[in-house]
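Please brief me on this structure. I want the fold, the pairing of the chains and a few residues worth locating.

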2 protein chains.
Amino acid sequence: MPEYKAPIRDILFTLYEVLGAEQHYRKIGAEDANRELVDAIITEGGKFAEEVLAPLNRIGDEQGCKFVDGQVTTPPGFKEAYRQYVDGGWPSLAGETRFGGQGLPESLATVVNELVCTANWSWSMYPGLSHGAKLTLSEYGTEEQKQTYMSKLTSGEWTGTMCLTESQCGTDLGLLTTRAELNADGSYRISGTKIFISAGEHDMAENIIHIVLARLPDAPAGTKGISLFIVPKINVDDGSRNQVTCGSIEHKMGIHGNATAVLNFDGARGHLIGPPNEGLKCMFTFMNFARLGTALQGMAAAEQSFQGALAYARERLAMRSLAGPKYPEQPADAIIVHPDVRRMLLTQKSIAEGGRALIYFCTMQGDILHSTATEEEKVEAEALMSVLTPIAKAFLTETGYEAANLGMQVFGGHGYIAEWGMEQIVRDTRISMLYEGTTGIQALDLLGRKILGSRGSLLRYFTRVIHRFCRDNNTKGMQQFIRPLRKHYREWGGFTRKLGLKAMRNREEVGAASVDYLMYSGYVTLAYFWATMADAAYRALQNDTEETAFYESKIKTARFYYQRILPRAKCHKEIMMSGAKNLMDLDDEQFGSIR
Amino acid sequence: MPEYKAPIRDILFTLYEVLGAEQHYRKIGAEDANRELVDAIITEGGKFAEEVLAPLNRIGDEQGCKFVDGQVTTPPGFKEAYRQYVDGGWPSLAGETRFGGQGLPESLATVVNELVCTANWSWSMYPGLSHGAKLTLSEYGTEEQKQTYMSKLTSGEWTGTMCLTESQCGTDLGLLTTRAELNADGSYRISGTKIFISAGEHDMAENIIHIVLARLPDAPAGTKGISLFIVPKINVDDGSRNQVTCGSIEHKMGIHGNATAVLNFDGARGHLIGPPNEGLKCMFTFMNFARLGTALQGMAAAEQSFQGALAYARERLAMRSLAGPKYPEQPADAIIVHPDVRRMLLTQKSIAEGGRALIYFCTMQGDILHSTATEEEKVEAEALMSVLTPIAKAFLTETGYEAANLGMQVFGGHGYIAEWGMEQIVRDTRISMLYEGTTGIQALDLLGRKILGSRGSLLRYFTRVIHRFCRDNNTKGMQQFIRPLRKHYREWGGFTRKLGLKAMRNREEVGAASVDYLMYSGYVTLAYFWATMADAAYRALQNDTEETAFYESKIKTARFYYQRILPRAKCHKEIMMSGAKNLMDLDDEQFGSIR
């Protein structure tokens, strides 16, 4: 198992030197988030991740969750680690102070999340989903509902879930059939079966608060007839067991430490959250949070796998450098000397560190939305969030999976053996391209709903950010990045207009272009963040610094990214512009005649 | 689990209509391989694969091999299936007649292998490795050794292995330490530990014949001091147990049905094959065979996953077509209507079918080498084999893995659940990019050893094949393929020369370009085979055919490939031409300062 080391220096670089966290905290009125406190939280979070969570990661995979007689037992140590997490006050970092939270910025909680998630993704999902449930309640719950649930969710004594999927539908929630009927006391009887409920049943907390999509009896068909309900495992008023039971847990490729439950609601007592038939809209708070959380999974996989591969590449001996022995005292050179091993490591590194900047940036936009910032700032933040969330989710999970696979590849045959832990990262992170909306769904959300749906105006919020950066930082050293970045963001706007015109003639063009469009967007987005990192590094090097190697590494990784990763964007552009005909031209039968 | 259906029609199309098997069999003097016999063998092989092997595929994954007290038990049913396979005479198809073989072309055995491998990869490795052992003996064994081992290997009563890897070396066999000391009777005492020995121990055959790399006492260091030995599990002269024992079997990401053994040789009795210190050269017979076999694993994963995904895409309902309902009588459209689902299916299909043509073509070159063909034909065949083997191995395993992942993706969240069998394909095929030489090693073999090592002359054998095809088939319908194909094969030659010049100044340029060079080569190679398939389809359509849909599907898939897959080649070109500096420019320490 790769030994996880919290990359504190990289995190602080991203936070302060690249994204200007100090100004940001001032802008959102987060007076408490002073540098000293923030550093202490990150350092302590890193220790918790390294010492408590990371050692449980392989155990979680090997032992998995057990399901016996309707009860789920989490892997050895999970429960105790959760107790420590709650006792340490970690769940309440960004919680509302009136419910016992610490009122710190959501973006800071995300930094701690990164540490937790990278050390042990399966474990992190238990508190992760709780946080989503809390956000949903906080936005749409009545005051009474908040009083009932928020304190215990904030402290972590209770956990939460999101219950959307049914066996016949996940992507297309319009097909869901779970019913909700009104009781005399104003509560609802919820009946139906939900599947794929992460952290849906476990032994880590005394109650589980399910956020459930269901239909009222008179609801219109399709997605406009879905309402949102809160359904506790244990009824809060009388402490009785609610009629929601775990039917089984799934056998999955990975994330064995997290219980993916089938939940049977047999007239379970629930309470409506938000307006009737607007459940899907309300659920989007949770979904957007979960999507960024899933983006984090991709980035975390890249980071974890990079750490493992780098350590191995420094130790494993094989062959001599093509340029002559570099470690002549050893029987062969360490494989880090080989160009292709470096290509793999730098791909991982550029995805992990670029992804970190993208995710932190997104959560900072989220901070602005719920802050004292100006209306104009909020409009911009919302636009940026809306465009960058599907990009971060799909692009970072796709490239994070690639990075995890490259980490295995660095290990050669040993990468395939469970004991090394590298293949677990691949299996665990494979789900990230599927849940919370597949890559295809994110791509439709981005291109169809957000970009073309706004006639390109949402995209322009982000290209303006890039434009301003290019204008303000066009120094001599930075030209190697500014020039291609400028070319790409202009081109991005250009072919978006062309796609819009094509789509007016034929709607299939949207679906045919969408995933390549998203990947193009992702590569350019990360190019922007790598330019900002290079810029921060150049600035640091101009001031006297003792960390020359650290900053030079950022510039060299940026150069690697621009020369060896960004060229992929062009290829996605060519493919998406090839049009829908080459896909739609086959009859369904022609895909396989004898199959 | 996707239900495997042997794609007989596609196989026959590739064999006869694309690759001209009838002429080929005449050319190599395989008089027995008449159309009727070949069709019967393929049909029967398909039935065996569908009915006997495919049903054991999931059992193999779930139950895996068990290791107790030095004994390996294969999964339930594996042993019985092997018995049926032997009784059916399948192992001996291409065997030499004087050892009881049927003397049919190796390329025909590969077709049957495709069926067997696609239905159940883990199972297929037991007979697969035996076949490699047989080829090695046949080429380098003494007449006495052949008399001792060939008949039972040919019948399948015994199986074989290849024992190369040790814990400290796989890629760099120069580091291996297993020793071989001469006994008074001319045999050798072999001592050392080999790991990752596929089919290294099992309960399916009465003896296992290990082909082992080891060092003689006076051998020079490095790869020039390695010799090859044959070491049976049971001594053939007296039936006693040889001193080779299985220490354990590995816990792996996939291929659970195959025993990956640690083998301890404690003075085991062995016999030298081939000249002393030329073991690595002799082993290349086995390795080249195994590399094509591994290429087949990539192709098989694409085919199997495609079959599963296609069936699901025709059944699963979600959303409406963007162009309006296509199945208005159902609550939603089958997902095969969605452009992005089609993109994934066609990617799989184009890799599976293109890969089939490439592999069959390679094995036909192998036929020529061991046939009555002219010397000139043999020189060409050898050149083609030597260039196309690393391309097939690395490119088809990389794209086969991509295809397997796309198959999972078509299933959405269900793809992650073990019961559906789609994630098993991903786990099983992940090894194919690692064993028998990683993608990186194949790429160095291709660019460094074969292409630049021959100053481009080996490559020209293949570009001439493409050139002749373009010249002879430049019909109106075919221009859409001929034009880009011509552009690419010329460009391929062009930048190969440039790389050669760069490499003369700096050897690191080879390693820095190699994997992208290989992927470029793969995309262009498959483009050639897709052009030949389109050409065959056009020809069939010109003659009166009732299979219009079948042939049109080939042309449309070729078009998809040219418009949506081939553009990736350009991106690999740009990346490889970016040079070694962006990789070599970081000190080892700069990869991560605090990690």
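The points below go from the whole chain to single residues.

This is a predicted model: local features need pLDDT of at least 70, side-chain atom pairs count only at pLDDT 80 or more, and totals for chains, interfaces and linings use all residues. Residues are numbered from 1 along each chain as its sequence is written, while chains are lettered from A and ligands numbered from 1 in the order in which they are written.

**Overall build of chain A**

- Chain A holds 19 helices and 9 strands. These are DSSP runs, numbered from the N terminus (helices: H or I, at least four residues; strands: E, at least two).
- The C-alpha trace of chain A spans about 80 × 65 × 60 Å along its principal axes.
- A compact globule of 595 residues would have a radius of gyration near 25 Å, and the 24 Å of chain A agrees with that. The radius is taken over C-alpha atoms, and the globule rule is 2.2 Å times the number of residues to the power 0.38.
- Of the 595 residues in chain A, 61% are buried. A residue is buried if 20 or more other C-beta atoms lie within 10 Å of its own, exposed if 12 or fewer, and partly exposed in between; the C-beta atoms are placed from the backbone.
- Among contacts in chain A between residues at least 6 apart in sequence, 76% join residues at least 24 apart. Two residues are in contact if their C-beta atoms, placed from the backbone, lie within 7 Å.

**Helix H10 of chain A**

- Helix H10 of chain A covers residues 339-369; at 1.5 Å a residue its 31 residues should span 45 Å, and its end C-alpha atoms are indeed 45 Å apart. The expected span is 1.5 Å times one less than the number of residues.
- H10(A) is largely enclosed by the rest of the structure, because 30 of its 31 residues are buried.

**How the two chains pair**

- A turn of 180° and a shift of 0.0 Å along the axis lay chain B on chain A with an RMSD of 0.0 Å. That is the relation of a two-fold axis.
- B:Cys571 has the C-alpha nearest the axis in chain B, 3.0 Å from it.
- The superposition is by least squares on the C-alpha atoms of residues with pLDDT of at least 70 in both copies.
- Chain B and chain A each put 88 residues into the contact. Helix H17 of chain B (residues 548-565) supplies the largest share of the chain B side, 9 residues.
- The chain B side divides into 39 nonpolar, 22 polar and 27 charged residues. Here Ala, Val, Leu, Ile, Met, Phe, Trp, Tyr, Cys and Pro count as nonpolar, Asp, Glu, Lys and Arg as charged, and the others, Gly among them, as polar.
- The copies meet through the same surface, because 100% of the interface residues of chain B are also interface residues in chain A.

**The nonpolar core**

- The largest nonpolar core has 415 residues, and A:Phe229, A:Ala527, B:Phe229 and B:Ala527 touch the most other members. Helix H16 of chain B (residues 508-542) gives the most to this core, with 21 residues.
- A nonpolar core is a set of buried Ala, Val, Leu, Ile, Met, Phe, Trp, Tyr and Cys residues joined through C-beta atoms within 7 Å.
- Beyond its neighbours within four places in sequence, B:Ala527 contacts B:Leu485, B:His488, B:Tyr561, B:Tyr562 and B:Leu566.
- B:Ala513 also sits in helix H16 of chain B. B:Ala513 is buried, with 31 other C-beta atoms within 10 Å.
- Leaving aside neighbours within four places in sequence, B:Ala513 touches B:Leu447, B:Leu499 and B:Met576.

**Loop residues to locate**

- B:Ala318 lies in the loop between helices H9 (279-315) and H10 (339-369) of chain B. B:Ala318 counts as buried, with 22 C-beta neighbours inside 10 Å.
- Beyond four places in sequence, B:Ala318 contacts A:Cys169, A:Thr171, A:Asp172, B:Ala332 and B:Ile335.
- A:Met319 is in the loop between H9 (279-315) and H10 of chain A. A:Met319 is not a glycine, yet has a positive phi of about 60°.
- B:Asn277, in the loop between strand S9 (260-273) and H9 of chain B, is not a glycine either and has a positive phi of about 65°.
- Most residues other than glycine have a negative phi.
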